[in-house]
Amino acid sequence: MTTPDYWPTIDGLVAWLDEQNGRSQQEITLRLLKLTEEAGEVAQAWIGATGQNPRKGVTHTAADVADELCDVIVTASVALASLVDDPGAHLDAKVARIATRRRTP
């Protein structure tokens with residue numbers, strides 16, 4: 001699913017943020033709120049890709065939307081790694097639980 005250096009890169013980002021800002025409850029809250037900001041950028045890119053703002057027209061591409069989605073994934077990974085000791089294992093366990101869910105219409 002991810003490159004072999006994915007979680008080490010995330011760990012490096014968390015270490016850098018911890019060094020700069022600490023890891024207080026307030027800092028973790030801000031890392032979680034950062035997800036909202038990034039999700040807003042996804043929405044903005046999608047609106048731009050579909051030309052839904054008549055004043056601006058088409059301003060983004062599908063690749064721009066994909067990049068913004070990746071920013072959400074990385075930001076969520078940083079937040080997760082700020083909360084649990086083994087974020088990769090936690091994510092794997094969650095995905096495994098999701099995979100067993102019954103899918104109904």
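In this predicted model, Asp18, Arg23, Glu27 and Arg31 are joined to one another through a network of salt bridges. Across the whole structure, a search returns five salt bridges. Side chains of opposite charge can pair when their charged atoms come close.

**The network around Arg31**

One of the bridges brings the side chain of Arg31 to that of Asp18, with an N to O distance of 2.9 Å. This pair links distant parts of the chain, since Arg31 belongs to helix H2 (residues 25-50) and Asp18 to helix H1, with their positions 13 residues apart in sequence. Arg31 also forms a salt bridge with Glu27, and here the closest N and O atoms are 3.0 Å apart. The second pairing stays inside helix H2: Arg31 and Glu27 are four residues apart, about one turn of the helix.

Both partners of the pairing within helix H2 are buried, Arg31 as well as Glu27. Arg31 has a relative accessibility of 5%, and because the limit for a buried residue is under 20%, Arg31 is placed in that class. Glu27, at 10% relative accessibility, therefore counts as buried too. Asp18 stands at 22% relative accessibility, so Asp18 is classed as partly exposed.

Glu27 takes part in a further interaction. A polar contact of 3.4 Å joins its side chain to that of Asn21. Glu27 is a residue of helix H2, whereas Asn21 is found in helix H1. Asn21 is partly exposed, with a relative accessible area of 42%.

**A bridge within helix H2**

Which residue meets Glu37 in a salt bridge? The partner is Lys34, and the N to O distance between the two side chains is 2.9 Å. Both residues lie in helix H2, three residues apart, about one turn of the helix. Glu37 is partly exposed at a relative accessible area of 41%, and Lys34 is likewise partly exposed, at 33% relative accessibility.

The side-chain pairs described so far, together with one pair formed by Thr3, are collected below.

| Pair | Interaction | Distance |
|---|---|---|
| Arg31 and Asp18 | salt bridge | 2.9 Å |
| Arg31 and Glu27 | salt bridge | 3.0 Å |
| Glu37 and Lys34 | salt bridge | 2.9 Å |
| Asn21 and Glu27 | polar contact | 3.4 Å |
| Thr3 and Asp5 | polar contact | 2.6 Å |

**The segment before helix H1**

Thr3 lies in the segment that precedes helix H1 (6-21). Its side chain makes a polar contact of 2.6 Å with the side chain of Asp5. At 48% relative accessibility, Thr3 counts as partly exposed. Thr3 and Lys34 are separated by 31 residues in sequence, and their C-alpha atoms are 24 Å apart in space.

**Surface patches**

Two patches are described here, one charged and one nonpolar. On the surface, Lys94, Arg97, Arg101 and Arg103 gather in a patch of positive charge. Arg97, one of its members, is located in helix H4 (residues 87-100). Its relative accessibility of 46% makes Arg97 partly exposed. Membership of a patch requires over 30% relative accessible area and no salt bridge, and the value of 46% for Arg97 is therefore consistent with the area criterion.

The nonpolar surface patch is made by Leu13, Trp16 and Val74 and covers about 260 Å². Of these residues, Trp16 is found in helix H1.

**Further positions in helices H4 and H2**

Is Pro87, a residue of helix H4, buried or exposed? Pro87 is buried, with a relative accessible area of 6%. Pro87 and Trp7 are 80 residues apart in sequence, while their C-alpha atoms are 8.1 Å apart in space.

Thr50 is found in helix H2. Its relative accessible area is 32%, so Thr50 is classed as partly exposed. Thr50 and Ala62 are twelve residues apart along the chain, and 9.0 Å separates their C-alpha atoms.

**Summary of the charged residues**

Arg31 connects to Asp18 and to Glu27, within a network that also includes Arg23. The link to Asp18 runs between helices H2 and H1, and the link to Glu27 lies within helix H2. The bridge between Glu37 and Lys34 is also placed in helix H2.

Technical notes. Residues are numbered from 1 along each chain as its sequence is written. This is a predicted model: local features need pLDDT of at least 70, side-chain atom pairs count only at pLDDT 80 or more; totals for chains, interfaces and linings use all residues. Side-chain values use heavy atoms; hydrogens and water are left out. Helices (H or I, at least four residues) and strands (E, at least two) are DSSP runs, numbered from the N terminus. Buried means under 20% relative accessible area, exposed over 50%, partly exposed in between (1.4 Å probe, protein chains only). A polar contact is a pair of N or O atoms within 3.5 Å; within protein, one must be able to donate a hydrogen and the other to accept it, and residues adjacent in sequence count only if both atoms are side-chain atoms. Patches are made of residues with over 30% relative accessible area and no salt bridge: like charges are joined within 9 Å, nonpolar side chains (Val, Leu, Ile, Met, Phe, Trp, Tyr) within 5 Å. Accessible areas come from the Shrake-Rupley method with a 1.4 Å probe; for residues, only the protein chains shown count as cover. A salt bridge is a side-chain nitrogen of Lys or Arg within 4 Å of a carboxyl oxygen of Asp or Glu. Lys and Arg count as positive and Asp and Glu as negative; His and the chain ends are not counted. The place of a charge is taken as NZ of Lys, CZ of Arg, CG of Asp or CD of Glu.
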